[in-house]
Amino acid sequence: MKAAVWYNNRDIRIEEVPLRWPGPREMLVKVISCGICGSDIVEWYRLPRAPLVQGHELGAEVIKVGASVNRFKPGDRVFIAPKVPCGTCSYCREGHFPQCSEVKERLPGGFAEYILVPEVLLEKGTYLLPESISYDQSTFIEPLACVVRSQRLAGLKDGQSVLVLGCGMSGLLQIQLAKRKKCVVVATDIIEKKLAYARSFGADLAIPAVGDVPKRLTDYFHKKADVVMLCSSALSAVEQAWACVDKGGAIAFFAVPGPEKTVTVPVNDFWTKEIRILTSYYCGPPDIQEAMQLLASGAIDVERMITHRLPLEDIVRGFQLVMSGEEAVKVIIKPHAKGENAGS
Ligand SMILES: [Zn+2]
Ligand SMILES: [Zn+2]
């Protein structure tokens, strides 16, 4: 079968890789849709495991199940989490699922025609897709679950004021989820098209990231933001986060600047203001369940975020689109489709 092997962002090769039939507790799935994630293009994060087949936001069809597999059958539509926590270690018991020390198996990458699902992922990380979630929409389950988790960790409450820095796919999901909680949302980005998206997904105010964001924000809220969601890796966004958070508020690093950049925290100022700084990484099973409910009920509109559907052979272009961020929001790879804009 064909798989897109990632060496770095400029070197992704379609290679022929061997495929074997599933063992008794494994199953074979056909990848129908797989989203390119903002984290897939972060080289410092991905390069240590390269060359690898990326792709962890996927919807797939079950083709063949092992003799001991009862929960699934050929034809089932599924989402598979990229890795699953054990549920019993001290981290899992405290709800820190992404920190589970027992994670052994990762999902083979979804930028491939087929995936052989390992036993542990089949047992604990595979979810049947409800009728109301299409394959393309299923590529949002994992990113939305991460957003659900970040808002919970940040303690986001109904009716709060929220600043979302960066309106890529994650920022737009942050906006929609915060609006569901009746929050007032200000969003920033450097690209005007992303600001238009932000407005159309409910942002009360969407402003250029290059302007005087703290002033525009306080003019609008008449105070600073209760929660700041950093969905941009720009250092300037971090500075804006420091300047825009209210007393008693929280700043969540949903994206980070990268290891080559130094972030200076104004901790003395934040001390007296009781400002929390937190990070949010990946998601856990409860977040996935919640994200699936949100998508199944149509509460979060993801369809309008899909800007590109590309066949596997065009994956280099897909990565370029995500890296430039100019015209693409969500790019979905369709490994079995042919030609430009490969339908849904
Ligand atoms: Zn992702
Ligand atoms: Zn665990």
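1. Let's start with the three-stranded sheet in this predicted model. This sheet is open, its strands run in the order E2-E1-E4, and the pairing is antiparallel. Strand E2 (11-16) and strand E4 (52-53) sit at the edges with a single partner strand each, so each has one side left without a neighbour in the sheet.

2. Now for a closer look at one pairing here. Strand E1, residues 2-8, pairs with E2 in the antiparallel sense, and six bridges link the two. If you want a spot to find by eye, try Asn8: the residue standing opposite is Asp11 in E2.

3. There's another open sheet to look at, this one built from six strands with parallel pairing. Reading across, the order is E11-E10-E9-E12-E13-E14. Its edges are strand E11 (205-208) and strand E14 (276-279); each has a single partner strand, so one side of each has no neighbour in the sheet. On average, and ignoring direction, neighbouring strands of this sheet are turned by 15° against each other.

4. Within that six-stranded sheet, have a look at strand E12 (residues 225-230) and strand E13 (residues 245-253). They pair in the parallel sense over five bridges. Which residue in E13 is the bridge partner of Leu230? That would be Phe253.

5. Last, a helix to go with the strands. Helix H7, made of residues 192-200, lies across strand E10 (184-189) and E11, and runs at about 165° to E10. Strand E11 is the one we met above as an edge of the six-stranded sheet, and E10 comes next to E11 in the strand order.

Key
Residues numbered from 1 in each chain as written. Chains lettered and ligands numbered in written order. Predicted model: local features only at pLDDT ≥ 70, side-chain atom pairs only at ≥ 80, totals over all residues. Pairing = 2+ DSSP bridges. Helix = DSSP H or I, 4+ residues; strand = E, 2+ residues; numbered from the N terminus. Axes fitted to C-alpha atoms, helices over the stretch in contact; angles between N-to-C directions. Contact = placed C-beta atoms within 7 Å.
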